Amino acid sequence: MKNERKTTKEETEQNLDALFTLLAKINDKKDIEELFLDLCTYKEVEQMATRLKSAKLLKSGYTYNKVIEEVDISSATLARVSRCVSHGSGGYNVVLDKYDN
């Protein structure tokens, strides 16, 4: 039997805030890995890693064609990553500039 209750926008925002707050507190790579593998399918985690690598390559000057040669990513997904790097909320740029040594 399907639950008929719908999550409110406020509840969704609270859940997202709790997730992001928790992630910000995790300092152990193994703990993050285990959490992601519980939260997402392996394929979803793999796709996130591919997007992050593609963003890194784009930021370092790679062309679309060169990124596609290096990474298994569709041109549509790469276009979205590129838009986010150039005009998104800043997440790729902040994380890569701040934490990718």
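A helix here is a DSSP run of H or I at least four residues long, numbered from the N terminus, and with that convention Ser 82 is found in helix 5. The model on screen is a predicted one, and the tour below moves from this serine to the core, then to the surface, the cysteines and the charged pairs.

**Stop one: Ser 82**

Select Ser 82 and colour by accessibility: with a relative accessible area of 16%, Ser 82 is buried, because the cut-off for that class is under 20%. Leaving aside its neighbours within four places in sequence, Ser 82 is in contact with Leu 58 and Tyr 64, so these two side chains are worth displaying next if the contact cut-off is heavy atoms within 4.5 Å. For a sense of scale, draw a distance from Ser 82 to Glu 33, C-alpha to C-alpha: the two are 25 Å apart in space and 49 residues apart in sequence.

**Stop two: Ser 54 and Val 71**

Move now to helix 3, residues 42–59, where Ser 54 has its place. Is Ser 54 buried or exposed? Its relative accessibility is 0%, and Ser 54 therefore counts as buried. Not counting residues up to four places away in sequence, Ser 54 touches Val 67, Val 71, Ile 73, Leu 78 and Val 81. Select Val 71 from that list and look back towards the helix: with sequence neighbours up to four places away again set aside, Val 71 touches Thr 50, Lys 53, Ser 54 and Leu 57.

**Stop three: the nonpolar core**

The residues that Ser 54 touches, Val 67, Val 71, Ile 73, Leu 78 and Val 81, lead directly into the largest nonpolar core, which has eleven residues in all and is completed by Ala 55, Leu 57, Leu 58, Val 85, Tyr 92 and Leu 96. Which elements give two or more residues to this core? They are helix 3, helix 5 (75–87) and helix 6. In soluble globular proteins, nonpolar side chains tend to be buried together.

**Stop four: a nonpolar patch on the surface**

Switch to a surface representation and select Leu 52, Val 94, Val 95 and Tyr 99, which form a nonpolar patch with about 370 Å² of accessible area together. Helix 6, residues 91–99, contributes the largest share of the patch, three residues. Leu 52, by contrast, has its place in helix 3, and at 36% relative accessibility Leu 52 counts as partly exposed. Val 95 lies in helix 6 and is likewise partly exposed, at 39% relative accessibility. A C-alpha to C-alpha line between Val 95 and Leu 52 spans 9.5 Å, although the two are 43 residues apart in sequence.

**Stop five: the cysteines**

How many disulfides does a search of the whole structure find? The search finds zero. Cys 40 is in no disulfide, and the nearest cysteine sulfur, that of Cys 84, is 17 Å away. Cys 84 is likewise in no disulfide, its nearest cysteine sulfur being that of Cys 40 at 17 Å. Cys 40 is partly exposed, with a relative accessible area of 22%, and Cys 84 is partly exposed with a relative accessible area of 22%.

**Stop six: the salt bridges**

Finally, display the charged side chains, among which the count comes to seven salt bridges. Begin with Glu 46 and Lys 43, whose side chains meet in a salt bridge at 3.2 Å, N to O; both lie in helix 3, three residues apart, about one turn of the helix. Glu 46 is partly exposed at 33% relative accessibility, and Lys 43 is partly exposed with a relative accessible area of 47%.

Next select Asp 100 and Lys 56, which meet in a salt bridge at 2.9 Å, N to O. This pair links distant parts of the chain, with Asp 100 in the segment after helix 6 and Lys 56 in helix 3, 44 residues apart. Asp 100 has a relative accessible area of 34% and is partly exposed, as is Lys 56, with 42%.

End at helix 4, residues 64–70, where Glu 70 and Lys 66 are separated by about one helical turn because they are four residues apart. Their side chains meet in a salt bridge at 3.9 Å, N to O. Add Glu 69 to the selection, since Lys 66, Glu 69 and Glu 70 are linked in a network of salt bridges. Glu 70 is partly exposed, with a relative accessible area of 41%, and Lys 66 is partly exposed, with a relative accessible area of 34%.

Methods. Residues are numbered from 1 along each chain as its sequence is written. This is a predicted model: local features need pLDDT of at least 70, side-chain atom pairs count only at pLDDT 80 or more; totals for chains, interfaces and linings use all residues. Side-chain values use heavy atoms; hydrogens and water are left out. Buried means under 20% relative accessible area, exposed over 50%, partly exposed in between (1.4 Å probe, protein chains only). Patches are made of residues with over 30% relative accessible area and no salt bridge: like charges are joined within 9 Å, nonpolar side chains (Val, Leu, Ile, Met, Phe, Trp, Tyr) within 5 Å. Accessible areas come from the Shrake-Rupley method with a 1.4 Å probe; for residues, only the protein chains shown count as cover. A salt bridge is a side-chain nitrogen of Lys or Arg within 4 Å of a carboxyl oxygen of Asp or Glu. A disulfide is a pair of cysteine sulfur atoms within 2.5 Å. A nonpolar core is a set of buried Ala, Val, Leu, Ile, Met, Phe, Trp, Tyr and Cys residues joined through side-chain atoms within 4.5 Å.
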